[in-house]
Every structure is written in C-alpha cells, then in structure tokens.
Amino acid sequence: MILGDAALETANLFGKEPRRPLSSGVISASELDALEVLALLIKHVLGEPRVPGEHCFYSVPAVPVDQPDKDVVYHRGVLGRIVQECGYTPHAANEAMAIIFAETAPEGFSGISLSWGAGQVNVALAVNTVEGLSFSIARSGDWIDGGAAKAVGSTAARMCAIKEAGVDLLKPVGREQEALAFYYRAAIEHALDQIAVRFHQIRGQFLLPRPIPMVVSGGTSLAGGFMDLFSQVFESKRKRFPVEISGIRQAKEPLNAVAHGLLVQAMQEHEED
C-alpha cells in the first residue's frame, strides 16, 4: 500500500486515479480500506493522551446542500469512535465555525467563513459566536480537478499535481491551467450564490447589526491568484449580495485555521479540566 504524496505521484506515473478514504468530504462508501487508513492516520497524529479521557475536538463538515442524499452522521460517528479508541473524549465541532473562532476575535467572533477543502466548501455565518447559518457545498478542490480533467481529457490526479506545482488563476498558461481557472471561478460563483440563497431563507430570524468580514481558508484557497479571483467574483455580485461585508481576507494560516479554532473552543469549554 502506498500512502500520501507518493500515492499521487505513482498514480500520475501510470495515468490512473489514486484511491481515497474520503469522498466529497466524508468517508467513502466505496473504499473498503477507508476506515483502516483513517484510523492509522488519526492514531499517528494523536498519539497517547496525557491524561485518561483527555478532551479531543475534531472537525466535521456540515450537510452538503447540493447533495441532499448525503449526511454526516456516519462520518461523525466513525471519527468519534476512532478518537475514543485512542483514549480521548471526542467532541465533534463544525469545521467552518472553527474558522470563525480562529480568525474573527477582533470583530467579536462575527463573520462569514468559507473553508475550501478537497471534498467540500464549508460555510458558516455567525454573530457574537452565535451560529446563524452553516452548510457545505460539494464543489471544491476535487470537483475542480475532476471537471478540469474531463474538459481537457486528462485525469484529476494530474490536474491536482499541476495545481499544486503552481498556477496563477488570473494568468493561466496552457489548456490545463486555463481549465483549472474556469472551474475555480465556477466554484467561487456557486459558493457565493449558495450563501445568498441560504441567507435569504433565514433573513427574518437572524438580523445582522453591522457589516461583517468574510474569511477564506483551506488548502484549495492556496492556488496562486485565488484571493484576487475570489474578490473579483464577489465584487460582481456585491450589489445583489444580501449580507453587508466589511472586508474579505484570507486566514493567517489557511491550513491550520480549523485546528486553531478548535483549540479556542476547547479552551473555552474545558478551561478548568
């Protein structure tokens, strides 16, 4: 069995797609080895608890609005069971809300967060730590890679490798990079449209007292020119956007923001433990 970056490199060598334990941000139902691989990874990261039953916060995605047949019950439960088997007390927490806790302290923990992972974009809207809206969208890194690959007759693994090797989404070079740029723009447009639709649904129950920031995080947001492209797309929709945004910024550490936010939550809830 080959794991990690080596698996992606090997898949590209033979023009194949690598097997993954997660699909669209949750445990893959078609991969029989998914649970074994996840357990191995989690146990390696956690190690032994310092005290019996030490608290461990782990992030889970929200329910995807564009894949209503999927839920996160099994995903949440399996991860909790693995964490518990490692000797910890598991606490599941919303991924996008963790970014709110990590990045919006100056605004009183108020804002809209978008966590651009591989399988999903997780979205949360909060005011003064109170969650008003959370959902996920199954159009993120994997969707971009797969769509771009089909458009140019390539593989998602190759498109992912091209993306990670370095691409400027505002100045793509060649067909493959251009396809990636088109799909990135489509994913951003879809995410912003979904935020607008979902906010309209709760507008009467959740009033915003002031403009709030929008914080972008996650590995998919690390592509060159992503923030400029995101801002361009948002500005084209600002007049019709139902939430007044005070500014758009990227998380200080896009790959670690969720972990930082979970630590803040853990400290607040179990400071004396």
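The legends below describe several close-up views of a predicted model.

**View 1. The five-stranded sheet and the order of its strands.** The sheet shown here is open, and its five strands follow the order 7-6-5-8-9 with mixed pairing. Strand 7 and strand 9 (245-250) stand at the edges, where each has a single partner strand, so one side of each is left without a neighbour in the sheet. From one strand to the next, the twist averages 15°. Helix 8 (residues 226-237) lies across strand 5, strand 8 (212-217) and strand 9, and the helix runs at about 160° to strand 9.

**View 2. Strand 6 between its partners, strand 5 and strand 7.** Strand 5 (residues 111-116) and strand 6 run antiparallel and are joined by six bridges, while seven bridges join strand 6 to strand 7, a pair that also runs antiparallel. Leu 125 gives a convenient point from which to follow both pairings, since Leu 125 of strand 6 is the bridge partner of Ile 112 and also stands opposite Leu 133 in strand 7. In a regular strand, the side chains alternate between the two faces of the sheet.

**View 3. The hairpin of strand 6 and strand 7, with two residues between the strands.** Asn 128 is found in the loop that links strand 6 (121-127) to strand 7 (130-137), and Thr 129 is found in that loop as well. Most residues other than glycine have a negative phi. Asn 128, although it is not a glycine, has a positive phi of about 55°, and Thr 129, likewise not a glycine, has a positive phi of about 70°. How exposed is Asn 128? Asn 128 has a relative accessible area of 41% and is therefore partly exposed, and Thr 129, with a relative accessible area of 36%, is partly exposed too.

**View 4. Helix 4 (residues 95-103) and the cap at its N-terminal end.** Asn 94 caps this end of the helix, with a side-chain oxygen that lies 3.0 Å from the backbone nitrogen of Ala 96. How much of helix 4 is covered? The helix is mostly covered, as eight of its nine residues are buried. The buried residues include Glu 95 and Glu 103 at the two ends of the numbered stretch, and also Met 97, Ile 99, Ile 100 and Phe 101.

**View 5. The packing of helix 6 against helix 7.** The axes of helix 6 and helix 7 are 10 Å apart, and the two helices pack at an angle of about 90°, which makes helix 6 roughly perpendicular to helix 7. Arg 158, Met 159, Ile 162 and Lys 163 in helix 6 meet Glu 176, Gln 177, Leu 180 and Tyr 184 in helix 7. Sorted by class, this contact has four nonpolar, one polar and three charged residues. Among the buried residues of helix 6 (residues 156-165) are Met 159, Ile 162 and Lys 163.

**View 6. Gln 177 of helix 7 and its surroundings.** Gln 177 lies in helix 7 (residues 174-202), and its relative accessibility of 15% is under the 20% cut-off, so Gln 177 counts as buried. Which residues is Gln 177 in contact with, leaving aside its neighbours within four places in sequence? Gln 177 is in contact with Ile 162, Gly 166, Val 167, Lys 171 and Pro 172. Of these, Ile 162 is one of the buried residues of helix 6, and Gly 166, found just after helix 6, takes a positive phi of about 125°.

**View 7. His 190 and Arg 198, two further residues of helix 7.** His 190 has a relative accessible area of 13% and is therefore buried. Not counting residues up to four places away in sequence, His 190 touches Asp 66, Ile 137 and Arg 139. Arg 198, with residues up to four places away in sequence again not counted, touches Val 65, Leu 133 and Phe 135. Although Arg 198 and Phe 135 are 63 residues apart in sequence, they are 8.8 Å apart in space, C-alpha to C-alpha. Leu 133, which Arg 198 touches, is the residue of strand 7 that stands opposite Leu 125.

Key:
Residues are numbered from 1 along each chain as its sequence is written. This is a predicted model: local features need pLDDT of at least 70, side-chain atom pairs count only at pLDDT 80 or more; totals for chains, interfaces and linings use all residues. Side-chain values use heavy atoms; hydrogens and water are left out. Helices (H or I, at least four residues) and strands (E, at least two) are DSSP runs, numbered from the N terminus. Buried means under 20% relative accessible area, exposed over 50%, partly exposed in between (1.4 Å probe, protein chains only). Contact means heavy atoms within 4.5 Å. A polar contact is a pair of N or O atoms within 3.5 Å; within protein, one must be able to donate a hydrogen and the other to accept it, and residues adjacent in sequence count only if both atoms are side-chain atoms. Two strands pair if DSSP finds at least two bridges between them. Axes are lines fitted to C-alpha atoms, for helices over the stretch in contact, and angles run from 0 to 180 degrees between N-to-C directions. Angles under 35 degrees count as roughly parallel, over 145 as roughly antiparallel, 65 to 115 as roughly perpendicular and the rest as oblique. Ala, Val, Leu, Ile, Met, Phe, Trp, Tyr, Cys and Pro count as nonpolar, Asp, Glu, Lys and Arg as charged, and the others, Gly among them, as polar.
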